[in-house]
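Please find below my notes on the structure you asked me to look through, written for someone who is meeting such a description for the first time.

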Amino acid sequence: MSIKKTFYQKFCILYLLKIILLKKNNHWIIFFIFIFILTIYNQKNKTKTFQFGANGLFCSDQNLRPEGIKELNNLTSNYLDEKIIQSLAIYAKDLQVEFLDANHVRQIVEMHSQGVGVKKRNEALDKVKDKIDNTFIVMQPFQEGRYEIFCKPSDKIKMYQDRLQHIQSILKQDEKGYTFGISYDGSQRQITQLGNAINTRCNIYLLGLIYQAKTSYYLQDGMISLKMNITQDAKENSLKQGLINLYSVVVVNGYYDDQEQYFQVNEMTVPIFDIKKILFEKYSKLDLKSLLQCDQFGLINNINNNLDLLFLEPNPKLERQKATGVYQLKQQKYSLIFLANFDLSKMSTVHKFRQLIVQLSDFGSKVIPTYAIILMGQFQSENHNYSKEFIQILKQFHAFIKNILIFFMPSFDDEPLPYSMPHTPIELEYLLGEQIEQFDNIQSCSNPIKIGSQGCKIVVTRNDISKDLRKQHIFREESSYEDVAETIISQQYIGNFQSNTVNYKWNYNKYMMLDPTVDYVILADMTIKQFKHKTQINDTWVANPGNFSEKGEFCMIIKTNLGFQCDTSFLGFGFQSFNSYSLWFRFQSQK
């Protein structure tokens, strides 16, 4: 604290006592002037505090004195390089100094220029990458007990705007497909801002949300709307890929008609992009801090936050792993099994589950061990359920099942809060009874969930959206599961924009949105047949496990030395039907 600053503070205190004792009201103005001067002085000479690092790794608060900031600017040509900023935190902690002056800054920059500390950063990054290869992560948006909905009309508007901005940011990274500036390549689609459309007289591309008012369609980008005229020829010329519903994000090509005062559409498509490889190459070159900042999916951050749990304890308890959602993989080859419409009000469902467990224990586990089974609702369509019979199966095959993680994911129409998305985890005691407490490998999860496993990103949801997406398509009635899959990836959303049955919690919209780096989307949908499809848009697998309760259908994701592979199957042929015998022999040969 400087002498001037101390003097001003003492002066203000004495002057305040004088006013109070002498009761001179006209001196209050002078007092407040001194307070104002002291406040300005404090702000001008306040030491700046920087937050460095990422989530505890390289984390340190360092106060830079004014002369230290000046010296840092001089040494870095007024440009604060990210690596130097990180080094300030690392070396200040090593030097055990709280305040950085000019000498400290020069010392740290000199150490950084000599390459000291690079090894520390690389070791930390390798540490996290190693855990990515040895962890199974389940991320949920909701905790048990969160049953209330707090949504406002503004939340729905924000959902549309956030999704448009999300897709726009994706297209900006696809340099081969789109450009938002001057195009130097004729193969690119140059996107024009919606506000500039009325000033152009040639064919242009626009990006926005499509909506309808009375009988007319409009394109919207933020607060700007543009009326469109979509002729039958435009519908026939549009790319037959994906489905376009109201409030979908679309790319339109055409020109503005001054006379009719509307945008004449020649072609309309869903956003088409392929940036997964671009992003993977980009991520491979980033340091840890930048990697954490780009981690929209949140998996790397989740691992990083639980490094102590995973490293300090060689065998962390399952309860702690369940609390964090980060599990240790015990094998490099394993399978994930997804069962949808696991209706416990039907005894046939319990019989099919027993048949599945028998096949897994007798055949499947000898080829590829099962790591997790995700059971998806609707769990109870009637008051009575066969939970006791289900518990008996768990006890009968306890030696085998105890090594498998079992997740119960509620359907959109399950309790609590039926017909709402995202959906809160179901209470297992309510569904299965108190006996379920003896099985610590069984837990309830929200809908949807995000799974990370050895660098593979999986999104799982139980939501009937295919029928509405196909029915509400504004161009044509005929569509297929391929169109549904392409639509989900192009819109980066696993919900429906015009649902009359499901109440979407718009303020939790981010949990319904996808990430462009997702590898698999498991969409359990009872309004469409079982399928799997690798999308042309962004090279992503979308699979529907089918109806387990009625048909014994299910879906598997298998990890082998060859990587990940997804396929659908059913109990009629068991696991030998899984991608025919060739896949089984391939797995057998890798044992």
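The numbered points below go from the whole chain to a group of strands and then to single residues.

1. The model is predicted, and this should be kept in mind throughout the points that follow. The protein has 591 residues, of which 52% are buried, and its secondary structure comes to 21 helices and 25 strands.

2. Two further totals describe the protein as a whole. The exposed surface comes to about 28900 Å², with carbon and sulfur atoms supplying 50% of that area. Among the contacts with a separation of 6 or more, 70% are between residues 24 or more positions apart.

3. A barrel deserves attention next, and it helps to recall that strands of a sheet pair through backbone hydrogen bonds, either parallel or antiparallel. Here 5 strands close into a barrel in the order β7-β8-β9-β11-β10, and the pairing is mixed. From one strand to the next, the twist averages 55 degrees.

4. The barrel can be followed strand by strand, beginning with β7 (residues 204-213) and β8 (residues 216-221), which pair in the antiparallel sense over 5 bridges. Y211 has Y218 of β8 as its bridge partner. The hairpin of these two strands has 2 residues between them, and K214 in this hairpin takes a positive phi near 60 degrees.

5. The next pair joins β8 to β9 (residues 224-230), again antiparallel and with 5 bridges. Y218, already met as the bridge partner of Y211, stands opposite K227 in β9. This second hairpin of β8 and β9 also has 2 residues between its strands, and G222 in the turn has a positive phi of about 70 degrees.

6. Where does the parallel sense enter the pairing of β9 and β11? β9 and β11 (residues 262-269) pair in this parallel sense over 3 bridges, and one position to look at is M228, whose bridge partner in β11 is F263.

7. A helix also belongs to this part of the picture, since helix α7 (residues 153-173) lies across β7, β8 and β10 (249-257). The direction of α7 is at about 160 degrees to that of β7.

8. The remaining points concern the backbone, and the background is that most residues other than glycine have a negative phi, and most peptide bonds are trans. N341 has a positive phi near 60 degrees although this residue is not glycine, and N341 is found in the loop between β13 (334-339) and α14 (347-367). Is N341 buried or exposed? Its relative accessibility is 12%, so N341 counts as buried, the cut-off for buried being under 20%.

9. Q454 also has a positive phi, near 50 degrees, in a residue other than glycine. Q454 lies in the loop between β18 and β19 (456-462), and this residue is buried because its relative accessible area is 12%.

10. Two peptide bonds should be checked by eye in the structure. The bond from G377 to Q378 is cis, with omega near 20 degrees, and Q378 is in the loop between β14 (370-376) and α15 (387-396). The bond from N447 to P448 is cis as well, with omega near 10 degrees, and P448 is located in the loop between β17 (442-444) and β18 (449-453).

Note on methods. Residues are numbered from 1 along each chain as its sequence is written. This is a predicted model: local features need pLDDT of at least 70, side-chain atom pairs count only at pLDDT 80 or more; totals for chains, interfaces and linings use all residues. Side-chain values use heavy atoms; hydrogens and water are left out. Two strands pair if DSSP finds at least two bridges between them. Helices (H or I, at least four residues) and strands (E, at least two) are DSSP runs, numbered from the N terminus. Buried means under 20% relative accessible area, exposed over 50%, partly exposed in between (1.4 Å probe, protein chains only). Axes are lines fitted to C-alpha atoms, for helices over the stretch in contact, and angles run from 0 to 180 degrees between N-to-C directions. Contact means heavy atoms within 4.5 Å. Accessible areas come from the Shrake-Rupley method with a 1.4 Å probe; for residues, only the protein chains shown count as cover.
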